[in-house]
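Subject: Structure handover

Hello,

Here is the structure for you to look over. My notes on salt bridges and two asparagines follow below.

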Amino acid sequence: MGRAYYRTGRYDEAATAYKEAIKRAPGLDLPYLGLALCYNSTGKYGDASAALSRAISLNPTYKGDAKLAAEDFNTRRLTASGYDQKDLTDYIEILNY
């Protein structure tokens, strides 16, 4: 639900849905990635950075390595399009906060 709300610009509802997903599965990185995008879109940059950092720490590939995550986001962005490309661009922007 979080992704659907986010795509339609309903950021507060999306954030609530992502927080509920985190309650159900706190060890997954995907809800934190979505939450980071919601916070970024509403100008809560510190919260966006914290959520993305948490996602990176939970991701089994990145294992907390923000530099590795940034490299992966950049690589994936080259072949992505549409919403996926924008999300990856936003993740890279959030890493700079």
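Please keep in mind that this is a predicted model.

Salt bridges first. The count comes to 6. Three of the pairs are described here.

R3 and D87. Their side chains meet in a salt bridge, at 3.4 Å from N to O. This pair links distant parts of the chain. R3 is in helix 1 (residues 2-7), D87 is in helix 6 (residues 82-95), and the two positions lie 84 residues apart in numbering. The two ends sit in unlike surroundings: D87 is buried, at 3% relative accessible area, while R3 is partly exposed at 39%. D87 counts as buried because its 3% falls under the 20% cut-off. R7 belongs here too: R3, R7 and D87 are linked in a network of salt bridges.

E20 and K23. The closest N and O atoms of this salt bridge are 3.3 Å apart. Both residues belong to helix 2 (residues 11-24). They are 3 residues apart, so about one helical turn separates them. K23 is exposed, with 63% relative accessibility. E20 is partly exposed, with 32%.

R76 and D72. Here the closest N and O atoms of the salt bridge are 3.1 Å apart. Both residues lie in helix 5, with a spacing of 4 residues, about one turn of the helix. R76 is partly exposed, at 40% relative accessible area. D72 is also partly exposed, at 24%.

As background, side chains of opposite charge can pair when their charged atoms come close.

Now the asparagines.

N40. This residue is found in helix 3 (residues 30-41). Is N40 buried or exposed? N40 is buried, because its relative accessible area of 9% is under 20%. Which residues does N40 touch, leaving aside neighbours within four places in sequence? The contacts of N40 are Y45, A48, D90, E93, I94 and Y97.

N59. This one is placed in the loop between helix 4 (45-58) and helix 5 (66-79). N59 is buried as well, with a relative accessible area of 12%. A polar atom of the N59 side chain lies 2.7 Å from the backbone nitrogen of T61.

If you open only two sites, I would suggest these. One is the network of R3, R7 and D87. The other is N40 with its contacts, D90 and E93 among them.

Best wishes

Key:
Residues numbered from 1 in each chain as written. Predicted model: local features only at pLDDT ≥ 70, side-chain atom pairs only at ≥ 80, totals over all residues. Heavy atoms only, no water. Buried < 20%, exposed > 50% of the residue type's maximum accessible area, 1.4 Å probe, protein only. Polar contact = N/O pair within 3.5 Å; in protein donor to acceptor, adjacent residues only side chain to side chain. Contact = heavy atoms within 4.5 Å. Salt bridge = Lys/Arg side-chain N within 4 Å of Asp/Glu carboxyl O.
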